[in-house]
Amino acid sequence: MANRISPQQGLEALREGGALFVDVRDPDSHDQARIPGAVPLTQATLDDFLARTDPHQPLVVYCYHGHSSQSASDFLSDKGFTQVVSLEGGFEHWRQAYPDQVSTD
């Protein structure tokens, strides 16, 4: 089971750079609001993501409330990604805790 990180740890990872934030919510939700720099990951983009992403790249996976991201993190770990964590509380908790760290453009 992939590790979880708190929103505070996620914010630190975002500020430090280096970690890729992966949004597993639906594309419309991603388009409306997301963690800055996050990439959407859906069934449609999965093969490309797996082919193009360094398996040693640190990944912070998030969904709406932190449940689906755990499964997605486990899946990515099973696919050979070595540094995968799930964001506790998901985007909704992030949005409440860090409204200044939400991209809507």
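**Burial and ring contacts**

Visitor: Does Gln101 count as buried or exposed?
Guide: With a relative accessibility of 17%, Gln101 falls in the buried class. Buried means under 20% relative accessible area, exposed over 50% and partly exposed in between, with a 1.4 Å probe and protein chains only. By that cut-off, Gln101 counts as buried.

Visitor: At which pLDDT do side-chain atom pairs count?
Guide: Residues are numbered from 1 along each chain as its sequence is written, and side-chain values use heavy atoms, with hydrogens and water left out. This is a predicted model, in which totals for chains, interfaces and linings use all residues, local features need pLDDT of at least 70, and side-chain atom pairs count only at pLDDT 80 or more.

Visitor: Which residues is Gln101 in contact with, leaving aside neighbours within four places in sequence?
Guide: Gln101 sits in the segment after H5; helices (H or I, at least four residues) and strands (E, at least two) are DSSP runs, numbered from the N terminus. Contact means heavy atoms within 4.5 Å. On that basis, the partners of Gln101 are Leu11, Leu14, Arg34, Ile35, Pro36 and Trp94.

Visitor: What is the relative accessible area of Gly10?
Guide: Gly10 is part of helix H1, residues 7-16. Beyond four places in sequence, Gly10 touches Ile5, Phe21, Leu87 and Trp94. Gly10 is buried, and its relative accessible area is 0%.

Visitor: Within what arc do the buried residues of H1 fall?
Guide: The buried residues of H1 are Pro7, Gly10, Leu11, Ala13 and Leu14. They line one face of the helix, because their directions seen down the axis of H1 are confined to an arc, taken from the helix axis to the C-beta atoms. That arc is 160°.

Visitor: Which residues are exposed on the other side of H1?
Guide: The buried residues of H1 pack against strands E1 (3-5), E2 (20-23) and E5 (84-87), and against H5. Exposed on the other side are Arg15 and Glu16.

Visitor: How many aromatic pairs are there, and is the pair of Tyr62 and Phe91 stacked or edge-to-face?
Guide: Rings of Phe, Tyr and Trp (its six-membered ring) pair if their centres lie within 6.5 Å; planes under 30 degrees apart count as stacked, over 60 as edge-to-face and the rest as tilted. The count comes to four aromatic pairs. For Tyr62 and Phe91, the centres are 5.9 Å apart and the planes at 25°, so the pair is stacked.
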